[in-house]
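User: Please take a close look at the salt bridges in this structure. I would like to know which parts of the chain they join, how covered their residues are, and how they sit in the fold as a whole.

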Amino acid sequence: MGKELEHADRHWYLVSYDIRDQRRWRKAYKVLCGTGEWVQYSLFRCHLNRTELEGLRWRLEKILAQEDDLLIIHLCPSCAARVQIRGERAGWEQDRPRFEIL
């Protein structure tokens, strides 16, 4: 039951960054490769719960300088399900829970 609840608390996030120093860029890239899936040059998709999201932010903030930019966008389940890459579904649908509490 614990794993089901943990999975249910996960959401899709788009993580984009603009890092001006090549060393910092490489470090951030490695952190994100270990956390999410590379989509495009400086864009990752991550399926995270709140704790994992905060951990990712913390690790990236240790790497980034004041001149660097970081953007994290939360996607609601219906938005994530509509994401398309080159006209095809991108596989961002979340598993539907077997039951729903109303």
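Analyst: In this predicted model, the protein chain has an accessible surface of about 7700 Å², and 51% of that surface belongs to carbon and sulfur atoms. Of the 102 residues, 29% count as buried. The secondary structure consists of 4 helices and 6 strands, arranged along the sequence in the pattern α-β-α-β-β-α-β-α-β-β. Among contacts between residues at least 6 apart in sequence, 68% join residues at least 24 apart.

The salt bridges come next. Their count is 7, and three of the pairs are described here in turn.

One of them is between the side chains of Glu-52 and Arg-10, with an N to O distance of 2.7 Å. Glu-52 belongs to helix α3 (residues 50-63), while Arg-10 is in the loop between α1 (2-8) and β1 (11-18), so the bridge ties together parts that are 42 residues apart in sequence. The two partners fall into separate classes of accessibility. Arg-10 counts as buried because its relative accessibility is 16%, under the 20% limit for that class. Glu-52 has a relative accessible area of 27% and is therefore partly exposed.

A second pair is Arg-20 and Asp-69, whose side chains meet in a salt bridge at 3.4 Å, N to O. This bridge also links distant parts of the chain: Arg-20 is in the loop between β1 and α2 (22-33), Asp-69 is in strand β4 (residues 69-75), and 49 residues separate them. Arg-20 is partly exposed, at 46% relative accessibility. Asp-69 is partly exposed as well, with a relative accessible area of 40%. The pair does not stand alone, as Asp-18 is linked with Arg-20 and Asp-69 in a network of salt bridges.

The third pair involves strand β3 (residues 43-48), where Arg-45 lies. Arg-45 forms a salt bridge with Glu-37, and the closest N and O atoms are 2.8 Å apart. The side chains of Arg-45 and Glu-37 are also joined by a polar contact of 2.8 Å. Arg-45 has a relative accessibility of 9%, so this residue counts as buried. Its partner Glu-37 is partly exposed, since its relative accessible area is 42%. This bridge, like the one between Glu-52 and Arg-10, thus pairs a buried arginine with a partly exposed glutamate.

The nonpolar core gives the setting for several of these elements. The largest such core has 17 residues, and those with the most contacts inside it are Val-15, Leu-32, Cys-46 and Leu-56. At least two residues of this core come from each of β1, α2, β3 and α3. Strand β3 is the strand that holds Arg-45, and helix α3 is the helix that holds Glu-52.

Cys-46 shows how the core draws on several stretches of the sequence. Apart from neighbours within four places in sequence, the contacts of Cys-46 are His-11, Trp-12, Tyr-13, Val-15, Leu-32, Thr-35, Gly-36 and Leu-56. Among them, Val-15, Leu-32 and Leu-56 are also named with Cys-46 as the core residues with the most contacts.

Definitions and conventions. Residues are numbered from 1 along each chain as its sequence is written. This is a predicted model: local features need pLDDT of at least 70, side-chain atom pairs count only at pLDDT 80 or more; totals for chains, interfaces and linings use all residues. Side-chain values use heavy atoms; hydrogens and water are left out. A polar contact is a pair of N or O atoms within 3.5 Å; within protein, one must be able to donate a hydrogen and the other to accept it, and residues adjacent in sequence count only if both atoms are side-chain atoms. A salt bridge is a side-chain nitrogen of Lys or Arg within 4 Å of a carboxyl oxygen of Asp or Glu. Buried means under 20% relative accessible area, exposed over 50%, partly exposed in between (1.4 Å probe, protein chains only). Contact means heavy atoms within 4.5 Å. Accessible areas come from the Shrake-Rupley method with a 1.4 Å probe; for residues, only the protein chains shown count as cover. A nonpolar core is a set of buried Ala, Val, Leu, Ile, Met, Phe, Trp, Tyr and Cys residues joined through side-chain atoms within 4.5 Å.
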